[in-house]
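Colleague: I'm new to this one, could you walk me through a few parts of it?
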Amino acid sequence: MNPALKEEILARRTFAIISHPDAGKTTLTEKLLLFGGAIREAGTVKGRKNSKHAMSDWMEIEKQRGISVTSSVLEFQYNGFHVNILDTPGHEDFSEDTYRTLTAADSAAMLIDAAKGVEAQTKKLFKVCRLRNIPIFTFINKLDRQGRDPFELMEELENLLGIRSYPMGWPIGMGQSFKAVYDRHQQKLELYNPDNPKAIDTIQLSGPDDPKLDEAIGDEQLVRQFREELELLDVAGDEYDKERIDKGELTPVFFGSAISSFGVQTFLDHFLKLSPAPASRESSIGTIDPLSREHFSGFIFKVQANMNAKHRDRVAFLRITSGTFKRGMNVKHVRTNKPLKLSQPTQFLAQNRSIVDEAYAGDIIGLFDPGTFRIGDTLVDGESFEFNEMPHFSPEHFASITVKEALKHKSYEKGLQQLTEEGAIQLFKTYNKYVEQQIVGVVGVLQFEVLEHRLHAEYNVDIQMERLPFSFARWISGGEEEMKRFKEKQRNLVTDREGRIVALFENEFQMRTAQDKYPGLHFYENSFYQ
Ligand code: GDP
């Protein structure tokens with residue numbers, strides 16, 4: 001393999017930050033960008049978080065920026081690494097895109113609020129990471145405030161997410177009494193100074209028993225407690241095991257305070273060293289390994305429509321899976337078997353678009369899309385193949401939908417198809433009902449408004465939507481007999497676009513009742529049946 005290409009690929013780290021709203025993702029991202037020199041001051045990464053925006057404001061932002069606020073890939077150079085952070089929108093604009101974005105990441109940084117522990121959205125995003133068993137690195141944030149006991153938080157990781165943890169650092173005190181974090185690997189003490197948190201004092205110790213520790217902390221009880229806790233970790237905790245980290249079975253845990261930049265650099269340094277370079281992916285011709293295939297290949301994981309009526313173009317996000325991308329290169333669009341010239345690629349840093357001339361396996365580029373691309377499309381140079389299908393994820397909001405004017409039925413169907421292919425919505429049909437009904441499912445409720453708006457603006461079609469009381473969708477599979485019984489007896493069944501049976505439930509209780517009733521069937525949260 002060309003050594004220059006290999007070097008480029010090995011330097012790449014492409015990851016997503018997964019968290020629940022308000023855990024501090026924007027703050028952490030900003031600090032990471034500051035370290036990378038990609039931005040000069042705090043307050044540059046905004047948009048999503050302050051957006052208590054109503055829909056109209058949101059569209060206004062879309063207009064001003066020219067491209068959606070929900071789409072960004074942040075990249076910067078740091079210590080010889082080329083870092084790509086995939087943004088995963090978390091507030092109102094949480095959508096299936098957020099899940100799909102994770103399919104383009106090689107690892108994830110999981111951010112947890114020390115006071116709140118593992119929250120709902122983190123849990124959902126974690127499950128998607130689990131589908132590919134990518135390594136997960138945990139940052140426990142807001143140690144400058146009183147939070148929960150670190151042991152309790154580790155237990156929660158295990159109980160709620162099923163992942164064991166290995167603390168890379170351990171805090172001394174918390175909230176008012178927060179003093180330091182001890183780096184278990186480098187045996188370094190990072191002292192927290194509440195008056196000037198950015199001035200981090202680091203002391204090299206010979207180990208946790210080093211008397212320099214007592215001196216630096218100056219609080220006998222805290223030091224005693226710290227030593228006891230560390231001993232407990234050494235005796236009863238999991239061992240450091242890189243193989244288990246690589247498989248996503250063990251998460252290295254870091255502690256800090258993003259707002260004070262405390263612990264962030266330590267996290268970044270360890271994370272970049274331990275996280276994987278661009279990974280191999282399965283395809284129709286077997287594994288595509290970026291370190292053995294020199295030809296360009298990539299897949300589309302997200303299609304972002306421009307909400308500005310004057311600029312109807314879309315941007316398709318492509319994850320490069322092997323080789324080098326060069327502006328203007330010719331590739332094959334495998335689904336349509338047509339050649340394609342990649343002439344208008346964009347990369348995203350904060351909210352500014354810039355043109356990319358060259359990019360490598362691991363990088364994300366945005367391609368100008370006049371309507372060519374669908375989620376999951378493969379682009380290749382050289383031998384043709386396709387990557388495996390992209391999964392659909394359980395929507396959480398549902399509505400039945402009809403066109404207001406029957407005469408516009410054709411445009412309506414066309415619009416729905418386009419929006420489904422872009423992945424903005426999932427379309428289901430009622431199963432075994434006398435009158436077949438179309439049901440739309442979305443992960444984030446904002447997508448309903450997007451649907452209505454776009455059908456009106458782009459297809460001149462007005463729709464009638466009636467919200468349905470369901471909150472869960474499960475893809476069902478199992479033995480023939482039991483499936484038959486299920487299909488006959490179970491209420492609220494629909495089929496997805498591939499004709500797979502999906503059951504809708506209003507609440508967990510309903511879902512559990514069905515699971516108990518049909519113990520031989522599997523209820524999957526995604527169309528991958530995993
Ligand atoms: P996001 O919703 O996950 O992007 O969270 P933000 O970065 O917007 O942070 C949510 C709130 O938590 C903001 O008010 C931040 O200032 C605050 N915050 C973030 N990190 C810390 C931290 O380390 N300590 C404290 N005390 N507050 C923090």
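Modeller: We can talk through one strand and its partners, and then a pair of helices. Please keep in mind that this is a predicted model.

Colleague: Okay, strand β30 then: is it mostly covered or not, and how many of its residues are buried?
Modeller: Strand β30, which spans residues 501-505, is mostly covered, with four of its five residues buried.

Colleague: And which way does β28 run against it?
Modeller: Strand β28, residues 472-477, runs antiparallel to β30 and is joined to it by four bridges; in this pairing Trp475 stands opposite Val502 of β30.

Colleague: What about β29, how many bridges there?
Modeller: Strand β29, residues 493-495, pairs with β30 over three bridges, also in the antiparallel sense, and here Leu493 stands opposite Ala503 of β30.

Colleague: How many residues sit between β29 and β30?
Modeller: Five residues lie between the two strands, which form a hairpin, and in the turn Gly499 has a positive phi of about 85 degrees.

Colleague: Switching to helices: at what angle do α11 and α12 cross?
Modeller: The axes of α11 (residues 409-422) and α12 (residues 446-459) come within 10 Å of each other and cross at roughly 125 degrees, and the two helices are therefore oblique to each other. The crossing of α11 past α12 is right-handed.

Colleague: Which residues meet there?
Modeller: On the α11 side they are Ser411, Tyr412, Lys414, Gly415 and Leu419, and these meet Leu451, Arg454, Leu455, Glu458 and Tyr459 of α12. Taken by type, the residues of this contact of α11 with α12 divide into five nonpolar, two polar and three charged.

Key:
Residues numbered from 1 in each chain as written. Predicted model: local features only at pLDDT ≥ 70, side-chain atom pairs only at ≥ 80, totals over all residues. Buried ≥ 20, exposed ≤ 12 C-beta atoms within 10 Å, placed from the backbone. Pairing = 2+ DSSP bridges. Axes fitted to C-alpha atoms, helices over the stretch in contact; angles between N-to-C directions. Parallel < 35°, antiparallel > 145°, perpendicular 65-115°, else oblique. Left-handed = near helix turned anticlockwise from the far one by under 90°. Contact = placed C-beta atoms within 7 Å. Nonpolar A, V, L, I, M, F, W, Y, C, P; charged D, E, K, R; others polar.
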